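Hello,

I am passing a structure on to you, and I would ask you to open it beside this message and keep the sequence at hand while you read. Below the structure you will find what turned up when its pockets were examined.

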Amino acid sequence: MSHSTVPRSSAEASTPVKAPVASPDATGAREARRGPGKLGFRLRFRRDRTLILMTLPAIVLVLVFNYLPILGNVVAFQDYDPYVSDNGIVSILHSPFVGLENFQEIFADSAFWNAVQNTFVLFFVQLLLFFPIPILLALLINSVVRPRVRAVAQAVLYLPHFFSWVLVIAVFQQMFGGAGMLSQLLRQHGYNGIDIMTDPNTFPFLVTAQSVWKDAGWGIIVFLAALASVSQDLYEAAAMDGAGRWRRMWHVTLPALRPVIALLLVLRVGDALTVGFEQILLQRDAVGPDAGEILDTFVWWNGVHNQDFGYAAAAGLIKGVVSIGLVLAANKVAHLLGEQGVYKK
């Protein structure tokens with residue numbers, strides 16, 4: 001049996017068959033908004049779930065010990081009495097609110113402004129005299145050719161970091177105190193003895209010298225790590241172009257250290273109002289509160305010693321807000337200079 005075919009019309013034959021175009025669904029729309037190369041939250045979570053689980057204990061610790069205590073700043077707006085109950089939360093709930101009364105008293109307190117002035121004086125002295133020293137020492141150690149000499153020098157400079165502030169101040173007392181080695185040496189040669197440890201005029205420089213001796217070695221590690229990442233090909237190319245040691249340091253080494261210097265400078269500015277609580281507290285009485293009172297010791301003295309917790313909490317809250325502002329301002333300056341800072345733009 002022969003089968004006949006029915007011919008299609010010319011219009012039907014010439015019209016191409018088009019596949020139906022599906023409209024983009026919600027997932028496609030989200031992918032379009034995200035742009036090419038960006039994964040969604042579910043895909044990223046599935047990809048990084050192992051790392052997230054590994055960091056989860058650390059995140060919990062940070063939340064519990066760093067962020068949860070921030071809720072206690074409500075004490076700054078209260079006439080807080082810790083003896084209302086053995087439970088601190090109950091004490092907060094039963095302490096009367098005073099609004100901004102604590103802040104008004106602080107801004108009218110001359111002792112608070114004296115502490116602010118001393119804090120900024122110590123910060124600027126340490127920024128000028130202490131911050132560049134680890135950079136210079138790192139450059140000096142990095143230029144040493146013999147590895148054994150370099151290791152010994154780094155160990156000697158790093159060792160005082162493990163000393164407590166009590167030991168550091170005791171050593172300085174034996175050297176620069178009224179009965180110290182320097183004073184005795186001057187008396188033996190017919191001069192009057194000096195007591196640098198109790199001189200309010202030299203106190204900022206004394207504190208800076210103690211910080212340099214104790215913590216300069218710690219800062220060297222960061223800069224030596226940055227120097228270790230610099231390719232030796234850059235030094236060899238600069239040497240082939242006729243650059244000497246100083247020009248190689250200026251055009252190769254320092255540009256490699258610039259991002260690290262900018263980052264540490266931003267962090268140091270953000271930590272401007274914290275210039276060493278334990279160090280200053282141990283020497284506060286020796287020079288007097290006029291020269292030795294900083295914001296941290298002011299908070300401790302009013303909160304722990306005088307039991308005025310609301311007043312001290314208000315001072316600490318002011319310090320925290322100002323420190324955040326300093327970090328943001330310093331990071332903005334780092335961005336303007338072309339550096340990343342603490343976080344990207």
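**Two pockets**

In the largest pocket there is about 580 Å³ of space. Its lining is made up of 20 residues, and those closest to the centre of this pocket are Phe130, Asp215, Trp218, Arg268 and Asp271. Please keep in mind, as you look at these residues, that the model is predicted.

Which helix gives the most to the lining of the largest pocket? That is helix 11, which contributes 6 residues. Helix 11 spans 203-228, and it is joined by helix 13, spanning 245-270, in that each of the two supplies at least two residues of this lining. If you sort the lining of the largest pocket by class, you will find 10 nonpolar, 7 polar and 3 charged residues.

The second largest pocket has a volume of about 460 Å³, and 15 residues line it, of which Asn142, Ser143, Gln232, Tyr235 and Thr253 are the closest to its centre. At least two residues of this lining come from each of four elements, namely helix 7 (132-142), helix 11, helix 12 (232-240) and helix 13. Here helix 13 provides the largest share, with 4 residues. By class, the lining of the second largest pocket divides into 8 nonpolar, 4 polar and 3 charged residues.

When you go through the model, you might begin with helix 11 and helix 13, since each of them supplies residues to the lining of the largest pocket and also to that of the second largest pocket.

Best wishes

Technical notes. Residues numbered from 1 in each chain as written. Predicted model: local features only at pLDDT ≥ 70, side-chain atom pairs only at ≥ 80, totals over all residues. Heavy atoms only, no water. 1 Å grid on protein atoms, 1.4 Å probe; cavity = no way out; pocket = protein on both sides within 12 Å on 5 of 7 lines; lining within 4 Å. Points joined across faces, edges and corners; volume = space filled by probe spheres on them. Nonpolar A, V, L, I, M, F, W, Y, C, P; charged D, E, K, R; others polar.
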